[in-house]
2 protein chains.
Amino acid sequence: MTQSTEDLLELDQQVCFALAVASRNVIALYRPILEPLGLTHPQYLVMLALWGKAPLRFGEVAELLRLDPATLSPLIKRLEQSGLIERHPVAGDERTFALVPTEAGRALREQALGVPPAVIEQLGMPIERLVALRDELTAVIDATDPVK
Amino acid sequence: MTQSTEDLLELDQQVCFALAVASRNVIALYRPILEPLGLTHPQYLVMLALWGKAPLRFGEVAELLRLDPATLSPLIKRLEQSGLIERHPVAGDERTFALVPTEAGRALREQALGVPPAVIEQLGMPIERLVALRDELTAVIDATDPVK
DNA sequence: CCTATCTTGTTTGTGCACAAACGAATGTGT
DNA sequence: ACACATTCGTTTGTGCACAAACAAGATAGG
(Lines give C-alpha, C1' and ligand atoms only; values in the text may rest on other atoms or scores of the structure.)
Protein backbone atom coordinates (compact mmCIF):
# COMPACT_ATOMS: atom_id res chain seq x y z
CA MET A 1 0.00 0.00 0.00
CA THR A 2 1.01 3.60 -0.50
CA GLN A 3 2.33 5.89 2.21
CA SER A 4 0.61 9.21 2.60
CA THR A 5 2.42 12.39 1.73
CA GLU A 6 2.29 13.43 5.35
CA ASP A 7 4.12 10.27 6.35
CA LEU A 8 6.84 11.07 3.88
CA LEU A 9 7.17 14.58 5.20
CA GLU A 10 7.32 13.38 8.76
CA LEU A 11 9.86 10.71 7.99
CA ASP A 12 12.03 13.14 6.13
CA GLN A 13 12.17 15.47 9.09
CA GLN A 14 13.03 12.64 11.42
CA VAL A 15 15.76 11.23 9.22
CA CYS A 16 17.54 14.48 8.49
CA PHE A 17 17.24 15.83 11.99
CA ALA A 18 18.29 12.47 13.45
CA LEU A 19 21.28 12.44 11.14
CA ALA A 20 22.45 15.85 12.33
CA VAL A 21 21.90 15.09 16.01
CA ALA A 22 23.52 11.66 15.84
CA SER A 23 26.55 13.08 14.07
CA ARG A 24 26.98 15.83 16.65
CA ASN A 25 26.46 13.42 19.54
CA VAL A 26 29.00 10.90 18.32
CA ILE A 27 31.59 13.58 17.66
CA ALA A 28 30.87 14.89 21.15
CA LEU A 29 31.61 11.37 22.38
CA TYR A 30 35.05 11.58 20.82
CA ARG A 31 35.79 14.99 22.32
CA PRO A 32 36.84 13.98 25.85
CA ILE A 33 38.66 10.94 24.47
CA LEU A 34 40.65 12.98 21.94
CA GLU A 35 41.25 15.88 24.30
CA PRO A 36 44.29 14.23 25.98
CA LEU A 37 45.81 13.82 22.51
CA GLY A 38 45.27 17.49 21.76
CA LEU A 39 43.21 16.69 18.68
CA THR A 40 39.78 17.67 17.41
CA HIS A 41 37.82 15.05 15.51
CA PRO A 42 38.63 16.40 12.02
CA GLN A 43 42.28 16.67 13.02
CA TYR A 44 42.13 13.07 14.26
CA LEU A 45 40.80 11.99 10.87
CA VAL A 46 43.72 13.71 9.12
CA MET A 47 46.20 11.99 11.41
CA LEU A 48 44.49 8.64 10.82
CA ALA A 49 44.87 9.14 7.08
CA LEU A 50 48.57 9.97 7.42
CA TRP A 51 49.20 7.12 9.84
CA GLY A 52 47.71 4.83 7.23
CA LYS A 53 49.71 6.20 4.30
CA ALA A 54 52.30 8.93 4.00
CA PRO A 55 53.24 11.07 2.29
CA LEU A 56 49.88 12.25 1.01
CA ARG A 57 49.39 15.35 -1.07
CA PHE A 58 47.09 18.07 0.22
CA GLY A 59 44.48 17.32 -2.41
CA GLU A 60 44.58 13.61 -1.66
CA VAL A 61 43.82 14.24 2.00
CA ALA A 62 40.98 16.56 1.06
CA GLU A 63 39.48 13.93 -1.21
CA LEU A 64 39.90 11.08 1.27
CA LEU A 65 38.19 13.01 4.06
CA ARG A 66 35.68 14.69 1.75
CA LEU A 67 36.84 18.05 3.07
CA ASP A 68 36.75 21.32 1.21
CA PRO A 69 40.25 22.71 0.58
CA ALA A 70 39.14 25.91 2.30
CA THR A 71 38.34 23.86 5.40
CA LEU A 72 41.42 21.67 5.25
CA SER A 73 43.93 24.46 4.67
CA PRO A 74 43.73 26.12 8.11
CA LEU A 75 43.26 22.72 9.76
CA ILE A 76 46.57 21.58 8.31
CA LYS A 77 48.23 24.72 9.60
CA ARG A 78 47.04 23.98 13.11
CA LEU A 79 48.40 20.44 12.92
CA GLU A 80 51.73 21.83 11.73
CA GLN A 81 51.74 24.35 14.54
CA SER A 82 51.09 21.49 16.97
CA GLY A 83 54.22 19.87 15.58
CA LEU A 84 52.40 16.72 14.45
CA ILE A 85 52.86 16.97 10.69
CA GLU A 86 55.03 18.81 8.23
CA ARG A 87 54.82 19.69 4.59
CA HIS A 88 57.33 18.71 1.94
CA PRO A 89 57.63 19.94 -1.63
CA VAL A 90 56.48 17.67 -4.46
CA ALA A 91 58.95 17.38 -7.31
CA GLY A 92 57.42 18.63 -10.52
CA ASP A 93 54.48 20.57 -9.09
CA GLU A 94 55.06 23.67 -7.03
CA ARG A 95 51.35 24.30 -6.55
CA THR A 96 50.90 21.49 -4.05
CA PHE A 97 52.82 19.82 -1.24
CA ALA A 98 52.96 16.49 0.56
CA LEU A 99 52.14 15.89 4.22
CA VAL A 100 54.01 13.58 6.57
CA PRO A 101 53.72 12.98 10.32
CA THR A 102 56.63 14.28 12.36
CA GLU A 103 58.32 12.16 14.99
CA ALA A 104 55.83 13.50 17.52
CA GLY A 105 53.01 12.73 15.12
CA ARG A 106 54.14 9.13 14.76
CA ALA A 107 54.53 8.84 18.53
CA LEU A 108 50.96 10.01 19.02
CA ARG A 109 49.75 6.94 17.16
CA GLU A 110 50.38 4.80 20.23
CA GLN A 111 47.93 6.81 22.30
CA ALA A 112 45.47 6.92 19.43
CA LEU A 113 45.18 3.14 19.40
CA GLY A 114 43.05 3.39 22.50
CA VAL A 115 40.52 5.74 20.94
CA PRO A 116 38.32 3.37 18.93
CA PRO A 117 37.81 0.84 21.75
CA ALA A 118 36.93 3.67 24.13
CA VAL A 119 34.35 5.05 21.69
CA ILE A 120 32.81 1.65 21.00
CA GLU A 121 32.61 0.95 24.69
CA GLN A 122 30.91 4.26 25.44
CA LEU A 123 28.52 3.75 22.55
CA GLY A 124 27.51 0.42 23.99
CA MET A 125 25.76 -0.68 20.83
CA PRO A 126 25.90 -4.24 19.49
CA ILE A 127 28.20 -4.78 16.53
CA GLU A 128 25.38 -5.81 14.21
CA ARG A 129 23.69 -2.49 14.75
CA LEU A 130 26.86 -0.62 13.95
CA VAL A 131 27.33 -2.63 10.80
CA ALA A 132 23.74 -1.97 9.75
CA LEU A 133 24.18 1.71 10.48
CA ARG A 134 27.36 1.90 8.45
CA ASP A 135 25.64 0.24 5.50
CA GLU A 136 22.68 2.61 5.60
CA LEU A 137 25.00 5.60 5.88
CA THR A 138 27.02 4.37 2.94
CA ALA A 139 23.83 4.26 0.89
CA VAL A 140 23.06 7.85 1.86
CA ILE A 141 26.56 8.98 0.98
CA ASP A 142 26.35 7.27 -2.39
CA ALA A 143 22.99 8.94 -3.01
CA THR A 144 24.28 12.37 -2.07
CA ASP A 145 27.95 12.44 -2.96
CA PRO A 146 28.51 15.58 -5.02
CA VAL A 147 31.59 13.91 -6.52
CA LYS A 148 29.17 11.29 -7.88
CA MET B 1 32.76 -16.88 13.13
CA THR B 2 34.42 -14.15 15.11
CA GLN B 3 35.37 -10.73 13.79
CA SER B 4 38.96 -9.74 14.11
CA THR B 5 39.92 -6.96 16.47
CA GLU B 6 41.18 -4.95 13.54
CA ASP B 7 37.78 -5.15 11.92
CA LEU B 8 36.19 -3.78 15.04
CA LEU B 9 38.62 -0.89 15.22
CA GLU B 10 37.98 -0.06 11.62
CA LEU B 11 34.25 -0.31 12.11
CA ASP B 12 34.29 2.45 14.67
CA GLN B 13 36.14 4.76 12.32
CA GLN B 14 33.90 3.86 9.43
CA VAL B 15 30.72 4.51 11.37
CA CYS B 16 31.81 7.83 12.76
CA PHE B 17 33.28 9.08 9.53
CA ALA B 18 30.25 7.95 7.55
CA LEU B 19 28.00 9.67 10.05
CA ALA B 20 29.81 12.97 9.66
CA VAL B 21 29.97 12.79 5.86
CA ALA B 22 26.35 11.70 5.47
CA SER B 23 25.17 14.49 7.74
CA ARG B 24 27.13 17.10 5.81
CA ASN B 25 25.99 15.73 2.44
CA VAL B 26 22.31 15.71 3.35
CA ILE B 27 22.48 19.22 4.75
CA ALA B 28 24.24 20.23 1.53
CA LEU B 29 21.28 18.71 -0.31
CA TYR B 30 18.97 21.06 1.57
CA ARG B 31 21.09 24.10 0.85
CA PRO B 32 19.98 24.95 -2.71
CA ILE B 33 16.39 24.01 -1.82
CA LEU B 34 16.32 26.27 1.23
CA GLU B 35 18.22 29.09 -0.45
CA PRO B 36 15.11 30.58 -2.14
CA LEU B 37 13.47 30.71 1.30
CA GLY B 38 16.45 32.56 2.72
CA LEU B 39 16.98 29.91 5.39
CA THR B 40 19.91 27.80 6.52
CA HIS B 41 19.18 24.28 7.67
CA PRO B 42 19.29 25.03 11.41
CA GLN B 43 17.10 28.08 10.82
CA TYR B 44 14.69 25.87 8.88
CA LEU B 45 14.48 23.52 11.86
CA VAL B 46 13.63 26.41 14.18
CA MET B 47 10.90 27.58 11.82
CA LEU B 48 9.56 24.01 11.58
CA ALA B 49 9.33 23.89 15.36
CA LEU B 50 7.48 27.20 15.51
CA TRP B 51 5.18 26.30 12.63
CA GLY B 52 4.27 23.21 14.60
CA LYS B 53 3.68 24.99 17.90
CA ALA B 54 3.90 28.60 18.97
CA PRO B 55 4.66 30.33 21.15
CA LEU B 56 7.70 28.39 22.34
CA ARG B 57 10.10 29.65 24.94
CA PHE B 58 13.77 29.97 24.02
CA GLY B 59 14.72 27.06 26.24
CA GLU B 60 12.03 24.86 24.75
CA VAL B 61 13.32 25.44 21.24
CA ALA B 62 16.86 24.68 22.39
CA GLU B 63 15.75 21.41 23.94
CA LEU B 64 13.58 20.36 20.98
CA LEU B 65 16.39 20.91 18.49
CA ARG B 66 19.12 19.72 20.84
CA LEU B 67 20.91 23.00 20.33
CA ASP B 68 23.21 24.69 22.79
CA PRO B 69 21.81 28.03 23.99
CA ALA B 70 25.04 29.65 22.87
CA THR B 71 24.38 28.37 19.35
CA LEU B 72 20.68 29.16 19.32
CA SER B 73 20.97 32.69 20.67
CA PRO B 74 22.61 34.33 17.63
CA LEU B 75 20.60 32.10 15.30
CA ILE B 76 17.39 33.49 16.78
CA LYS B 77 18.69 37.01 16.30
CA ARG B 78 19.26 36.36 12.62
CA LEU B 79 15.73 35.01 12.20
CA GLU B 80 14.39 38.11 13.94
CA GLN B 81 16.48 40.31 11.70
CA SER B 82 15.05 38.48 8.70
CA GLY B 83 11.62 39.42 10.01
CA LEU B 84 10.45 35.83 10.30
CA ILE B 85 9.98 35.57 14.08
CA GLU B 86 9.65 37.88 17.03
CA ARG B 87 10.12 37.56 20.77
CA HIS B 88 7.46 38.24 23.35
CA PRO B 89 7.86 38.57 27.11
CA VAL B 90 6.74 35.68 29.31
CA ALA B 91 4.60 36.74 32.25
CA GLY B 92 6.23 35.80 35.51
CA ASP B 93 9.78 35.19 34.25
CA GLU B 94 11.82 38.02 32.87
CA ARG B 95 14.82 35.80 32.23
CA THR B 96 13.32 34.15 29.19
CA PHE B 97 11.04 35.02 26.27
CA ALA B 98 8.66 33.32 23.88
CA LEU B 99 9.11 33.04 20.12
CA VAL B 100 6.37 33.38 17.53
CA PRO B 101 6.47 33.52 13.73
CA THR B 102 5.62 36.90 12.25
CA GLU B 103 3.17 37.29 9.40
CA ALA B 104 6.06 36.85 6.98
CA GLY B 105 7.17 33.80 8.94
CA ARG B 106 3.75 32.20 8.66
CA ALA B 107 3.59 33.04 4.97
CA LEU B 108 6.92 31.29 4.42
CA ARG B 109 5.32 28.02 5.51
CA GLU B 110 3.60 27.73 2.12
CA GLN B 111 6.92 27.67 0.30
CA ALA B 112 8.40 25.35 2.90
CA LEU B 113 5.82 22.68 2.15
CA GLY B 114 7.72 21.88 -1.03
CA VAL B 115 11.01 21.28 0.73
CA PRO B 116 10.63 17.72 2.06
CA PRO B 117 9.37 16.24 -1.23
CA ALA B 118 12.21 17.91 -3.07
CA VAL B 119 14.76 16.46 -0.65
CA ILE B 120 13.29 12.97 -0.75
CA GLU B 121 13.17 13.08 -4.51
CA GLN B 122 16.81 14.14 -4.79
CA LEU B 123 17.82 11.49 -2.27
CA GLY B 124 16.20 8.87 -4.44
CA MET B 125 16.36 6.22 -1.74
CA PRO B 126 13.59 3.67 -1.13
CA ILE B 127 11.42 4.32 1.90
CA GLU B 128 12.46 1.08 3.60
CA ARG B 129 16.03 2.21 3.64
CA LEU B 130 15.10 5.55 5.14
CA VAL B 131 13.09 3.77 7.82
CA ALA B 132 15.99 1.46 8.60
CA LEU B 133 18.35 4.40 8.75
CA ARG B 134 16.07 6.35 11.07
CA ASP B 135 15.83 3.37 13.42
CA GLU B 136 19.59 2.98 13.58
CA LEU B 137 20.08 6.70 14.11
CA THR B 138 17.56 6.71 16.91
CA ALA B 139 19.52 3.96 18.62
CA VAL B 140 22.71 6.01 18.31
CA ILE B 141 21.03 9.10 19.69
CA ASP B 142 19.65 7.14 22.64
CA ALA B 143 23.10 5.70 23.29
CA THR B 144 24.81 9.06 23.13
CA ASP B 145 22.27 11.61 24.32
CA PRO B 146 24.00 13.65 27.03
CA VAL B 147 20.55 14.55 28.39
CA LYS B 148 20.00 10.83 28.90
C1' DC C 1 13.48 39.86 54.45
C1' DC C 2 17.89 38.58 52.68
C1' DT C 3 21.45 36.03 51.45
C1' DA C 4 23.09 31.91 48.97
C1' DT C 5 22.02 29.06 45.18
C1' DC C 6 20.09 27.82 40.90
C1' DT C 7 18.11 28.99 36.18
C1' DT C 8 18.35 31.13 32.00
C1' DG C 9 20.08 33.47 28.19
C1' DT C 10 24.23 36.22 26.45
C1' DT C 11 29.02 37.04 25.34
C1' DT C 12 33.62 35.70 23.96
C1' DG C 13 36.90 32.80 21.86
C1' DT C 14 38.21 28.71 19.06
C1' DG C 15 37.45 25.59 15.43
C1' DC C 16 34.81 23.59 11.52
C1' DA C 17 31.90 24.00 6.93
C1' DC C 18 31.28 26.30 2.82
C1' DA C 19 30.82 29.96 -0.96
C1' DA C 20 33.25 33.23 -3.63
C1' DA C 21 37.14 35.61 -5.18
C1' DC C 22 41.93 35.29 -5.77
C1' DG C 23 46.81 34.21 -7.36
C1' DA C 24 50.25 31.27 -8.79
C1' DA C 25 51.66 27.17 -11.34
C1' DT C 26 50.60 23.94 -14.88
C1' DG C 27 48.79 22.34 -19.22
C1' DT C 28 46.88 22.98 -23.97
C1' DG C 29 46.18 24.64 -28.61
C1' DT C 30 47.90 26.92 -32.26
C1' DA D 1 56.91 30.42 -28.02
C1' DC D 2 52.59 32.36 -26.58
C1' DA D 3 47.95 33.17 -25.19
C1' DC D 4 44.30 30.86 -22.87
C1' DA D 5 42.22 27.72 -19.90
C1' DT D 6 42.60 24.60 -15.98
C1' DT D 7 44.27 22.97 -11.61
C1' DC D 8 45.49 23.87 -6.93
C1' DG D 9 45.77 25.89 -2.57
C1' DT D 10 44.80 30.28 0.03
C1' DT D 11 42.08 34.09 1.74
C1' DT D 12 37.87 36.34 3.21
C1' DG D 13 33.33 36.41 4.96
C1' DT D 14 29.21 34.14 6.98
C1' DG D 15 27.09 30.84 9.84
C1' DC D 16 27.08 26.82 13.03
C1' DA D 17 28.96 24.06 17.32
C1' DC D 18 30.68 24.28 21.75
C1' DA D 19 33.35 25.57 26.11
C1' DA D 20 33.90 28.96 29.58
C1' DA D 21 32.88 33.07 31.86
C1' DC D 22 29.26 36.15 32.74
C1' DA D 23 24.91 38.75 34.26
C1' DA D 24 20.34 39.09 35.65
C1' DG D 25 16.24 37.10 37.38
C1' DA D 26 14.06 33.48 40.20
C1' DT D 27 14.07 30.33 44.27
C1' DA D 28 14.96 28.42 48.74
C1' DG D 29 16.72 28.57 53.57
C1' DG D 30 17.56 30.89 57.42
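**View 1. Helix α7 (residues 127-144) of chain A and helix α7 (residues 127-144) of chain B, whose axes come within 9 Å and cross at roughly 130°.** Helices here are DSSP runs of H or I with at least four residues, strands are runs of E with at least two, and both are numbered from the N terminus; axes are lines fitted to C-alpha atoms, for helices over the stretch in contact, with angles that run from 0 to 180 degrees between N-to-C directions. This is a predicted model, in which local features need pLDDT of at least 70 and side-chain atom pairs count only at pLDDT 80 or more, whereas totals for chains, interfaces and linings use all residues. Residues are numbered from 1 along each chain as its sequence is written, chains are lettered from A and ligands numbered from 1 in the order in which they are written, and side-chain values use heavy atoms, with hydrogens and water left out. The two helices α7(A) and α7(B) are therefore oblique to each other (angles under 35 degrees count as roughly parallel, over 145 as roughly antiparallel, 65 to 115 as roughly perpendicular and the rest as oblique).

**View 2. The residues where α7(A) meets α7(B).** Among the residues of α7(A) in this contact (heavy atoms within 4.5 Å) are Arg129(A), Leu133(A) and Val140(A), and those of α7(B) include Arg129(B), Leu133(B) and Val140(B). The residues of this contact divide into 10 nonpolar, no polar and 6 charged, where Ala, Val, Leu, Ile, Met, Phe, Trp, Tyr, Cys and Pro count as nonpolar, Asp, Glu, Lys and Arg as charged, and the others, Gly among them, as polar.

**View 3. The protein surface near DNA strand D.** Of the 24 residues around this strand, Ser73(A), Lys77(A), Arg95(A), Thr96(A) and Arg78(B) come nearest, a residue being near if one of its heavy atoms lies within 4 Å of the strand. A polar side-chain atom of Arg95(A) lies 2.7 Å from a base oxygen of DNA strand D, while an N or O atom in the side chain of Arg95(B) is 3.1 Å from a base nitrogen of that strand.

**View 4. The protein surface near DNA strand C.** Of the atoms of DNA strand C within 4 Å of the protein, 81% belong to sugar or phosphate and the rest to bases. Phosphate oxygens of this strand lie 2.5 Å from a polar side-chain atom of Ser73(B) and 3.0 Å from an N or O atom in the side chain of Thr40(A). The surface residues divide into 8 nonpolar, 7 polar and 9 charged.

Definitions and conventions
A polar contact is a pair of N or O atoms within 3.5 Å; within protein, one must be able to donate a hydrogen and the other to accept it, and residues adjacent in sequence count only if both atoms are side-chain atoms.
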